[in-house]
Amino acid sequence: MIAGKVNLRSYLLYADRGDSASAISHALHCDSQRDIKYLIVFPNATSKRRGLSLGKLVLGVKLRELSLFVDESGTVGKDSKYYLITLVFHDQADDIAGHISSYERALRSRSLPDISFHASPLMNGNGEYAGMGMDERKQLLAAFFVFTRKLPVTYKTFAYVKKEFADSEILAARMRRDVVTFLFDHLESFQRFDIMKIYYDDGQKVVSNTLREAIGYALSKESILFRKSSAAEYRLAQVADFLCTIELTALKYEAKETTQTDDKVFGMIGTFKGNYLKKLRSKLLL
């Protein structure tokens, strides 16, 4: 067994499946009178697996855990006008299993496929959405919008017009500064949690580096876990993708740069704001 420090008076206990119950109990007993809290974490344990995993405390006190799901839009190169990073925050104490079940029932009741939500392919009829008509894709979008709106999550989007930055290094520095400033503005809220877990597919190194450097600087590095994830694995990663797309679309409407696809999916700017943007921004952290 290996003890890994989480924060003051809290430890992660990494246990092999072969560790005996008596060995684990002895380790806990040695520190129980010092009020040190432990979690048992087995190899490959994740929030998707049954059994003991992060957040399950053996001494009867549950550590507060904050999950952060990340998505980006654009690239730091010349391929896109905008660059966005969206962070979705979920307090693990707020169970979302019921919301997921309701969303899946809504899909079944409408005979809609339960596929991993991905906004851009949905809007354009690509990937898993190839062959679906616009009406069916809009029904999938509406169902996911309802799901997202009811979830106990909050989010923050950082948006940039790339031509305002001389090069990608200056853009990356600005992103780090903005994330650090945001974290310090909400530091009291974030410090209520014992563990922060960040989920990102590691698709762009500039995002990974920004998160590691900014969050590591503003918060305790010992309380942060980075995990690679994909939208197919986590519903909240899909939510991050959706919210990032909504914020990008809002920029395009304001700049009068919407495409025919945008207009077909969301309608005119007033419809988009009333039906989507205003309702989802009730979850926005300023």
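Let us begin with the side chain of H90, where a polar atom lies 2.6 Å from the backbone oxygen of D94. I should say at once that the model before you is a predicted one.

Where do these two residues sit? H90 belongs to strand β5, which covers residues 82–91. D94 is found in the loop between β5 and α2, the latter being residues 97–109. Are they buried or exposed? H90 has a relative accessibility of 3%, and because buried means under 20%, H90 counts as buried. D94, with a relative accessible area of 33%, is partly exposed.

Next, consider the surroundings of H90. If we set aside the neighbours within four places in sequence, H90 is in contact with E65, L66, S67, I96, P152, V153 and L236. One of these residues, V153, also allows a comparison with D94. D94 and V153 are separated by 59 residues in sequence, and their C-alpha atoms are 8.8 Å apart in space.

Another contact of H90 is E65, and this residue leads us to the next strand. E65 is placed in strand β4. Its relative accessibility is 4%, so E65 counts as buried. What does the side chain of E65 make a polar contact with? The partner is the side chain of K197, at 3.0 Å.

K197 brings us to β7, which spans residues 195–200. How many of the residues of β7 are buried? The count is six of six, and the strand is thus described as mostly covered. The side chains of a regular strand alternate between the two faces of the sheet. In β7, I195, K197 and Y199 point one way, whereas M196, I198 and Y200 point the other way. Residues of both sets are buried.

Which strands are joined to β7? Strand β4 runs parallel to β7, and five bridges join the two. Within this pairing, F69 has Y199 of β7 as its bridge partner. Five bridges also join β7 to β8, a strand of residues 224–228, and here too the strands run parallel. In that second pairing, K197 stands opposite L225 of β8. K197 therefore appears twice in our account, because it has a side-chain contact with E65 and also a position opposite L225, as strand pairing is judged by the bridges between two strands.

Both β4 and β7 have a further part to play, in the second largest pocket. This pocket holds about 530 Å³ of space. Its lining consists of 25 residues, and those nearest the centre are D71, H118, S120, D241 and T245. Which elements supply at least two residues each to the lining? They are β4 (65–73), α3 (119–124), β7 (195–200), α8 (235–254) and α9 (260–266). The most comes from α8, which gives seven residues. By type, the lining comprises eleven polar, eight nonpolar and six charged residues.

Finally, let us place these details within the protein. It has ten helices and eight strands. Of its 286 residues, 48% count as buried. Among the contacts with a separation of 6 or more, 69% are between residues 24 or more positions apart. The pair of D94 and V153, 59 residues apart in sequence, gave us a view of such a separation along the chain.

Terms used
Residues are numbered from 1 along each chain as its sequence is written. This is a predicted model: local features need pLDDT of at least 70, side-chain atom pairs count only at pLDDT 80 or more; totals for chains, interfaces and linings use all residues. Side-chain values use heavy atoms; hydrogens and water are left out. On a 1 Å grid over the protein atoms alone, a cavity is a set of points where a 1.4 Å probe fits but cannot get out, and a pocket is an open set with protein on both sides within 12 Å along at least five of seven lines; lining residues have an atom within 4 Å of a point. Grid points are joined across faces, edges and corners, and a volume is the space filled by probe spheres set on the points. Helices (H or I, at least four residues) and strands (E, at least two) are DSSP runs, numbered from the N terminus. Ala, Val, Leu, Ile, Met, Phe, Trp, Tyr, Cys and Pro count as nonpolar, Asp, Glu, Lys and Arg as charged, and the others, Gly among them, as polar. Buried means under 20% relative accessible area, exposed over 50%, partly exposed in between (1.4 Å probe, protein chains only). A polar contact is a pair of N or O atoms within 3.5 Å; within protein, one must be able to donate a hydrogen and the other to accept it, and residues adjacent in sequence count only if both atoms are side-chain atoms. Contact means heavy atoms within 4.5 Å.
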